[in-house]
Structure formats: C-alpha cells, structure tokens
Amino acid sequence: MTTSASAPAEPEDAIAADRTVTDRLVDANGRYAAAFTDPGMDARPVLHVAVVACMDARLDLHAALGLELGDCHTIRNAGGVVTDDVIRSLTISQRALGTRSVVLIHHTGCGLESLTEEFRHDLEMEVGQRPAWAVEAFRDVDQDVRQSMQRVRTSPFLVHTDDVRGFVFDVTTGLLREIDPA
C-alpha cells in the first residue's frame with residue numbers, strides 16, 4: 001500500500017512555491033477523471049449498510065472491510081461518535097436510501113481519548129464564542145462504542161435498529177474487535 005508518507009517525494013524544482021496540498025488534490029482529481037467512466041450506480045448502497053467511523057487517517061475502511069465503491073454509506077467524524085448529525089445522516093440513509101444495518105467503528109489510540117470538554121472552554125476563550133457542539137471526548141473506547149450503539153438503537157428517527165453492531169479497530173494490527181452492547 002502506498003501512502004502519502006511513503007510516496008516518493010517530488011524533486012524540489014518540480015514543486016512550485018505557491019502550490020498547496022489542495023492544488024495537489026485537484027491535480028490528482030484531474031488524472032482520476034481522465035480515466036473515469038460512470039459506474040451507473042445509484043445512491044443506494046448495494047449492501048444496505050451504513051458504516052459510522054472515526055475520521056482518523058489511519059483507517060482505510062473500504063480495504064479493512066472488503067468494501068467496493070457503492071457497497072455502503074460511510075459517515076465519518078472525530079471519534080466515530082454518534083452525534084445528532086450522525087443520526088441525521090443515518091436517518092436519511094435508512095429512510096430515503098434503503099440501508100438496514102449500522103456498523104460503528106472506533107479505534108485504538110484515538111485523539112479523543114486525550115481531549116476533554118475543556119477543549120470547548122479553551123475555544124471559547126480564544127474566539128469569544130462557545131461552540132454549540134460537544135467534544136464527545138472519552139476515556140474508555142469500549143464504553144463509548146456501547147454508548148454510540150445505544151444512541152442508534154434508541155433514536156426515534158431510525159427505523160432499522162435491530163442490526164447495529166460496534167467494533168474497535170486496532171490501528172497496529174488492522175483487526176476489528178467486536179464490542180458486546182451489554
């Protein structure tokens with residue numbers, strides 16, 4: 001697997017001083033689009049599953065779960081925590097686009113384990129406005145997966161809450177460990 005960290009560096013003279021990471025991404029999109037053909041898919045995931053996971057760059061969800069383009073809806077945020085916005089996305093995924101299963105994935109070594117709600121206070125002091133959102137920091141990843149499963153199972157907006165499973169992805173081994181909801 002080639003990653004940005006392991007990709008060969010471009011020669012210094014090939015990189016213009018005014019180029020940004022976003023410029024690099026747009027260039028990559030141009031190369032992608034040049035070879036792109038419309039797969040003829042619709043927005044409904046083939047496997048009728050939504051995966052909620054952390055935004056951590058170490059999680060290659062499609063590879064880790066054996067998924068292909070069009071198989072699932074992927075919802076990512078800091079910690080993979082089930083927030084009101086995740087419930088919003090899951091509600092649309094289920095009610096408008098036919099998903100029936102929910103897979104929740106947190107991971108080892110998550111940055112939210114080292115934050116506290118003090119982060120919000122610090123932001124308020126810095127910018128003069130309190131964030132409307134909670135940090136959702138946690139100390140026990142297993143317990144946070146259980147809490148996220150409970151939030152999905154008890155949401156009045158979700159119609160499919162029987163197949164909700166939670167896991168912790170180990171960033172050093174690549175293995176999933178299922179969390180008992182009890």
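**Helix α3, its sheet and a buried glutamate**

Q: In this predicted model, which elements are included in what covers the buried residues of α3?
A: Helix α3 spans residues 84-95, and the buried residues in it are V86, I87, L90, T91, S93 and Q94. What covers these buried residues includes three strands and a helix, namely β1 (49-54), β2 (72-77), β3 (101-107) and α5 (141-153).

Q: Why do the buried residues of α3 lie on the same side of the helix?
A: An α-helix has 3.6 residues a turn, so residues three or four places apart point the same way. On the other side of α3 from the buried residues, D84 and R95 are exposed. V86, I87, L90, T91, S93 and Q94 are the buried residues of α3. They lie on the same side because the arc they cover around the axis is only 165 degrees.

Q: How does the end-to-end reach of α3 stand against the span expected at 1.5 Å a residue, and what is that reach?
A: The helix has 12 residues, for which a span of 16 Å is expected at 1.5 Å a residue. From the first C-alpha of α3 to the last, the reach is close to that expectation, at 16 Å.

Q: At about what angle does α3 run to β2?
A: The five strands form an open sheet with mixed pairing, in the order β2-β1-β3-β4-β5, and its edge strands, each pairing on one side only, are β2 and β5 (176-179). Helix α3 lies across β1, β2 and β3, and its angle to β2 is about 175 degrees.

Q: Which residue in β4 is the bridge partner of S101?
A: Strands of a sheet pair through backbone hydrogen bonds, either parallel or antiparallel. For β3 and β4 (residues 163-169) the sense is parallel, and the pairing runs over seven bridges. In β4, the bridge partner of S101 is D163.

Q: Is E136 buried or exposed, and what is its relative accessible area?
A: E136 is found in the loop between α4 (118-127) and α5. Leaving aside neighbours within four places in sequence, E136 is in contact with V81, T83, L112, E117, Q147 and R151. Because a residue counts as buried under 20% relative accessible area, E136 is buried, with a value of 17%.

Q: Which residue's side chain is joined to that of E136 by a polar contact of 3.2 Å?
A: Among the residues in contact with E136 are Q147 and R151. The polar contact of 3.2 Å is between side chains, and the partner of E136 in it is R151.

How values were computed:
Residues are numbered from 1 along each chain as its sequence is written. This is a predicted model: local features need pLDDT of at least 70, side-chain atom pairs count only at pLDDT 80 or more; totals for chains, interfaces and linings use all residues. Side-chain values use heavy atoms; hydrogens and water are left out. Helices (H or I, at least four residues) and strands (E, at least two) are DSSP runs, numbered from the N terminus. The expected span of a helix is 1.5 Å times one less than its number of residues. Buried means under 20% relative accessible area, exposed over 50%, partly exposed in between (1.4 Å probe, protein chains only). The arc is that of the directions from the helix axis to the C-beta atoms. Contact means heavy atoms within 4.5 Å. Two strands pair if DSSP finds at least two bridges between them. Axes are lines fitted to C-alpha atoms, for helices over the stretch in contact, and angles run from 0 to 180 degrees between N-to-C directions. A polar contact is a pair of N or O atoms within 3.5 Å; within protein, one must be able to donate a hydrogen and the other to accept it, and residues adjacent in sequence count only if both atoms are side-chain atoms.
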